[in-house]
There are 2 protein chains.
Amino acid sequence: MKNEVVHAIQDDYPDDFAWCFGCGRLNEEGYHFRTGWLGEETVTYYEPSTKHIAIPGFVYGGLIASLVDCHGTGSCALALLRKNGFEPGSGEVPPRFVTASLNVNYLKPTPQGKLLKAVGKVEEIHPKKWKVTVEVFADKTLCATGEVVGVVMPSTFAQNE
Amino acid sequence: MKNEVVHAIQDDYPDDFAWCFGCGRLNEEGYHFRTGWLGEETVTYYEPSTKHIAIPGFVYGGLIASLVDCHGTGSCALALLRKNGFEPGSGEVPPRFVTASLNVNYLKPTPQGKLLKAVGKVEEIHPKKWKVTVEVFADKTLCATGEVVGVVMPSTFAQNE
């Protein structure tokens, strides 16, 4: 199987919600994380650049946290969209989640120059609150685990300062 | 009091450990987080750029996670350096920490265009393992809280794949 997401949830976000530095297709300077289904799990692939290091040769933990974060909210959106009877690429506008909490455990130094693969398992806690457990691999090596709790973006988000 | 760190721990990291995308002074494309003492607490100031957004007008959670991460490891280094009798700027080479775990709770959307201030309280769990509780403010508004557990970078770090 190719290490590629064909139909990513982020491809279907409305333009107004496609500017995220992590996963927004319209943010020219961002990471462009793309998250899709891999059977019953979710997956995001990413190869960090040479600048995304902690020390030379090893990936920056903040990049891994960003990957877990966007993989998490994307996975929540995939799962709720599927619950509603749709798949990415179907033309249905997906829900947009925001992160309530993010946890990352760094198990091993993550080598730079390898393709990273974040794999997620999604669980519904509440119709508007979902939890994703995440494993991040560099090639076959499990380097980090994480958990994201995502909530459906409230319509008042931008007024909630 | 000016919102500026005069003597940051990152200024004193040896060149080999000054390439972090988050806080390395030698990484030209990184964030350049700088962390210092503010009395008994630690502080990092940062103003995200217009590209570091989640949706227009609001800061990207992955940027906040990165800020908490580097503020955490920097705070650990400050605290161990002080325990050893030194302050940043003294010429003593500080210890370098890596992140074992990172937790972030997003309490409110973080408005873009404000100066962010991460404030940390550091606690020794073990001589080589320290915990930092972090609060992230946008101006006076508490937008996120977090916790970082840092461990002294093992000399085998780069061999531990």
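Q: How many residue pairs are in polar contact between chain B and chain A, counting pairs with both residues at pLDDT 80 or more?
A: The model is predicted, and the count is limited to pairs in which both residues reach pLDDT 80 or more. Between chain B and chain A, the number of residue pairs in polar contact is 16.

Q: Which element gives the largest share of the side of chain B that touches chain A?
A: Two elements of chain B, α1 (61-83) and β3 (97-106), give two or more residues to the side that touches chain A. The largest share amounts to eight residues, and the element that gives it is β3(B).

Q: How do the residues of the side of chain B that touches chain A divide into nonpolar, polar and charged?
A: Chain B brings 41 residues to the contact, and chain A likewise brings 41 residues. The two chains bury about 3,400 Å² between them, with 62% of it on carbon and sulfur atoms. On the side of chain B, the residues divide into 23 nonpolar, 11 polar and seven charged.

Q: Which residue of chain B forms a salt bridge with Glu29(A)?
A: Across the interface of chain B and chain A, the rule finds two salt bridges. In one of them, the closest N and O atoms are 3.2 Å apart, within the 4 Å cut-off. The partner of Glu29(A) is Lys51(B).

Q: Which residue in β3(B) stands opposite Leu102(A)?
A: Strand β3 (residues 97-106) of chain A is joined to β3(B) by five bridges, and the two strands run antiparallel. Opposite Leu102(A), in β3(B), stands Val104(B).

Key: Residues are numbered from 1 along each chain as its sequence is written. Chains are lettered from A and ligands numbered from 1 in the order in which they are written. This is a predicted model: local features need pLDDT of at least 70, side-chain atom pairs count only at pLDDT 80 or more; totals for chains, interfaces and linings use all residues. Side-chain values use heavy atoms; hydrogens and water are left out. Contact means heavy atoms within 4.5 Å. Buried area is the accessible area (1.4 Å probe) that two parts lose on being put together, summed over both. A salt bridge is a side-chain nitrogen of Lys or Arg within 4 Å of a carboxyl oxygen of Asp or Glu. A polar contact is a pair of N or O atoms within 3.5 Å; within protein, one must be able to donate a hydrogen and the other to accept it, and residues adjacent in sequence count only if both atoms are side-chain atoms. Helices (H or I, at least four residues) and strands (E, at least two) are DSSP runs, numbered from the N terminus. Ala, Val, Leu, Ile, Met, Phe, Trp, Tyr, Cys and Pro count as nonpolar, Asp, Glu, Lys and Arg as charged, and the others, Gly among them, as polar. Two strands pair if DSSP finds at least two bridges between them.
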